[in-house]
Structures are given as C-alpha cells and as structure tokens.
Amino acid sequence: TLPPDSEKSAALFAESIAALRRSLDKLTFQADRQKLYALAGTPPPDAISVMISLDGTPPQPQANIPVRFLVGDKTEIVPTDAKGFARLPMPPLDTKQDGITVKATIELTSLLGTNSVSPFLSSVITRLVIPETRVALRVFDASERENYLLAREFEGRKVLVCCAYEADGQMKEWTKMHDEIMNFAKAQGAIIKDTRQDLKEVAAWTTSPDGQWNVAGAEPGDLVIAVVAGGKLNRRKNEKSPTGEDVQFAGEIRAAAQFDGKPHFADRFAGMGGWNPMGEQMCMDVLSLNCMKRWKPTYVKGLGSSEK
C-alpha cells in the first residue's frame with residue numbers, strides 16, 4: 001500500500017497525463033505542403049512549414065508549441081509563432097537527398113518544461129499518440145529547372161480555373177480554355193476544385209489582377225487562374241458553311257492568377273482569330289488552343305522570375 005502522499009501524487013500524475021492526452025487529441029497538426037521542392041545546389045525558396053491549431057470553428061492557432069524536426073540524423077526544435085506556424089529553412093540540397101522524408105512532431109519534453117526525462121516518464125510519453133506530419137524532399141537537377149518550377153507551383157496544390165469570353169455584349173463560359181488549363185494543371189499534379197463564379201467578376205479580376213478577388217469556394221493556399229477574352233465576335237454570311245456563317249473573334253486576351261489571395265501572374269495581349277466556318281463554339285475552341293501556346297511559356301517564365 002502506498003503512503004497517502006504517494007497515492008495523492010500518483011493520482012495527480014495520472015490526472016495530468018489524462019489531461020495531456022485530451023489536449024493532444026484536440027490538436028490538428030499539418031504541413032503547409034506534403035513536399036518541399038528544390039533545385040540541387042541552391043537553398044529551397046520555401047521553408048518546411050507546419051501549423052498547429054486547436055479544433056474548433058474556426059480553428060485556433062496555437063503559439064509557442066515546440067516542434068521537433070528530424071532531418072536525417074539531425075534535429076531542430078522550432079516554436080510555433082502567433083499564427084501557429086513553425087518554419088524550418090533548409091540549406092542547399094543535393095539530388096541524393098531527393099525522396100528523404102522530414103518528420104515533424106510536438107516536442108513534449110520541452111512542452112512539459114523539463115530538460116531531462118526519467119525512464120518512467122519517457123515510457124509514459126511513448127505511449128501517448130503525439131501529433132506528427134511528414135514532408136518529402138523533391139530535389140531536381142539544375143538541368144530540370146522547368147520541371148522543378150511546375151512541380152513547385154502545381155503538385156498537390158488546390159487550383160480553381162475560371163475562364164470566360166465576351167460575345168455580342170454577353171459574358172459566356174469559355175469551356176475549352178478552362179479545360180485546357182485544367183488538364184495542364186492536373187498533368188502537373190494539381191488538385192482541381194469545381195467552381196462557378198459570376199462571369200462579370202471573372203472579367204473584372206483579369207482587368208485588375210492586383211485587386212481583391214472575391215472567389216467563391218477559395219481557401220487559404222489556393223491558386224486561382226482566370227483567363228478572359230474581351231472583345232466581339234465578327235460574323236459574315238457563308239452559304240457553304242454548315243452554320244451559314246463564318247465567325248471571327250477580335251479583341252484582347254487577359255490572363256491573371258492569384259495565390260493565397262495575393263497577385264501572382266498577369267498577362268494581356270491582342271487576340272484576333274481567323275474566320276471559322278464551324279460557328280461560335282469552334283471559333284473559341286481554336287482561339288483557346290492558340291492562347292495556350294502563349295499562356296504556358298509565359299506562365300512558366302513568370303514562375304522563374306518570381307524566384308529571383
């Protein structure tokens with residue numbers, strides 16, 4: 001039988017461990033992205049970033065929580081900031097490190113305010129389910145710069161694509177342009193989010209790419225890409241055409257993007273298509289293919305410029 005003081009201490013200890021377990025169960029521990037992208041020989045432009053929040057509506061960021069990062073056999077402990085983030089900058093990486101996983105977990109020893117842990121307490125801690133997350137390193141050879149830029153931009157990222165065109169004073173969905181960009185982004189590993197936006201607002205976004213976009217369904221960390229053909233459709237009679245007319249777009253193409261609610265990309269250029277005997281839809285389909293020939297390299301070039 002334990003002495004009364006010992007029994008009281010044991011009860012308090014058990015209660016403390018139970019309270020700690022309940023607190024851990026209410027925490028959400030997640031990485032900003034599940035992979036970190038880098039070109040060999042240069043420091044990654046992004047840090048490994050994890051966030052700790054307390055479950056709720058909305059979630060409550062948790063500050064001053066020590067996070068233990070394990071990189072190979074090296075350990076770094078970084079506390080979360082006021083927004084609940086712990087960030088670990090990485091040194092230049094080598095292609096041999098491609099695929100290595102960085103583990104991040106809450107450092108309970110520091111959290112409990114003790115520098116040394118008894119074997120008994122250590123055994124108790126190991127039985128707790130401690131939140132953790134992992135981030136894989138993706139290291140590209142210097143000769144693979146474009147692949148690196150596209151992977152860093154799209155892989156695992158949620159993307160909303162909004163495209164429209166102006167025809168005879170009305171805004172219409174530009175389905176082919178949407179599908180071209182969507183398929184391109186998906187091929188790079190993007191997660192496409194379904195969305196329906198007011199087409200006049202989409203047009204306004206591309207006119208003011210640095211303004212505030214009110215994007216339905218957008219969440220922090222999302223990438224929003226918008227392309228609009230603003231102008232008119234010229235028409236002329238053609239008795240030999242299946243539709244009885246030829247159609248031609250004349251106007252301006254405006255492309256823009258925002259990442260995490262901030263300006264990310266902008267481009268505009270004249271768009272004059274040839275006369276198409278197959279009608280309005282085919283006219284805009286062909287125009288979208290021609291636009292992609294400019295949009296893709298211009299977008300990738302912008303990604304490279306943003307790192308300088």
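Let's start at Gln-62, which is partly exposed, with a relative accessible area of 22%. That puts Gln-62 outside the buried class, because buried means under 20%. Keep in mind as you look around that this is a predicted model. Gln-62 sits in the loop that links strand S4 (60–61) to strand S5 (66–71). Beyond its neighbours within four places in sequence, Gln-62 is in contact with Leu-27, with Ile-52, Ser-53 and Leu-54, and with Thr-80, Asp-81 and Gly-84. There's also Ala-82, which is 20 residues from Gln-62 along the chain, with 7.2 Å separating the two C-alpha atoms.

Now step back to the whole chain. The protein has 308 residues, and 40% of them count as buried. Its secondary structure comes to seven helices and 15 strands. If you take the contacts with a separation of 6 or more, 68% are between residues 24 or more positions apart. As for the outside, the accessible surface is about 17200 Å², and carbon and sulfur atoms account for 51% of that.

On to the inside. In soluble globular proteins, nonpolar side chains tend to be buried together. Here the largest nonpolar core has 40 residues, and Phe-154, Trp-174 and Trp-295 are the ones with the most contacts inside it. Three helices, H4 (145–154), H5 (175–187) and H7 (280–306), each give two or more residues to this core, and so do the strands S2 (35–39), S10 (158–167), S13 (223–237), S14 (245–259) and S15 (262–272). H7 is the biggest giver, with nine residues.

Phe-154 is a good place to look at this core in detail. Setting aside the neighbours within four places in sequence, Phe-154 is in contact with Arg-33, Val-159, Leu-223, Ile-225 and Tyr-299, as well as with Phe-184, Ala-185, Gln-188, Gly-189 and Ala-190. Apart from this core lies another one, of 25 residues, with Ile-52, Val-71, Leu-88 and Leu-137 among them.

Phe-154 is also one of the buried residues of H4, along with Tyr-148, Leu-149, Leu-150, Ala-151, Arg-152 and Glu-153. Overall H4 is mostly covered, with seven of its 10 residues buried. After H4 comes Gly-156, which has a positive phi, near 75°.

Next, follow the strands S13, S14 and S15. S13 and S14 run antiparallel and are joined by 15 bridges. One pair to find is Val-228 with its bridge partner in S14, Arg-254. S14 also runs antiparallel to S15, with 10 bridges between them. Here you can pick out Ala-255, whose bridge partner in S15 is Asp-267. The hairpin of S14 and S15 has two residues between the strands, and Asp-260 in this hairpin takes a positive phi near 55°. S14 itself is mostly covered: 11 of its 15 residues are buried.

S2 is another strand worth a stop. Four of its five residues are buried, so S2 is mostly covered, where buried means a relative accessible area under 20%. S2 pairs with strand S9 (residues 132–140) in the parallel sense, over five bridges. Within this pairing, Leu-36 has Leu-137 of S9 as its bridge partner. Leu-137 has come up before, as one of the residues of the 25-residue core.

Stay on S9 and move to Val-139, which lies in this strand. Val-139 is buried, with a relative accessible area of 7%. Away from its neighbours within four places in sequence, its contacts are Ala-38 and Ala-40, plus Leu-93, Asp-94, Thr-95, Gln-97 and Asp-98. Gly-99 is 40 residues from Val-139 in sequence, yet their C-alpha atoms are 7.7 Å apart in space.

Finally, come back out to the surface. Met-278, Met-282 and Val-286 make a nonpolar surface patch of about 240 Å². Met-282 lies in helix H7, the helix that gives the most residues to the largest core. Met-282 is partly exposed, with a relative accessible area of 35%. That value makes Met-282 eligible for such a patch, because patches are made of residues with over 30% relative accessible area.

How values were computed. Residues numbered from 1 in each chain as written. Predicted model: local features only at pLDDT ≥ 70, side-chain atom pairs only at ≥ 80, totals over all residues. Heavy atoms only, no water. Core = buried A, V, L, I, M, F, W, Y, C linked by side-chain atoms within 4.5 Å. Buried < 20%, exposed > 50% of the residue type's maximum accessible area, 1.4 Å probe, protein only. Contact = heavy atoms within 4.5 Å. Patch = residues over 30% accessible without salt bridge, like charges linked within 9 Å, V, L, I, M, F, W, Y side chains within 5 Å. Areas by Shrake-Rupley, 256 points an atom, 1.4 Å probe, with all protein chains shown as cover. Salt bridge = Lys/Arg side-chain N within 4 Å of Asp/Glu carboxyl O. Pairing = 2+ DSSP bridges.
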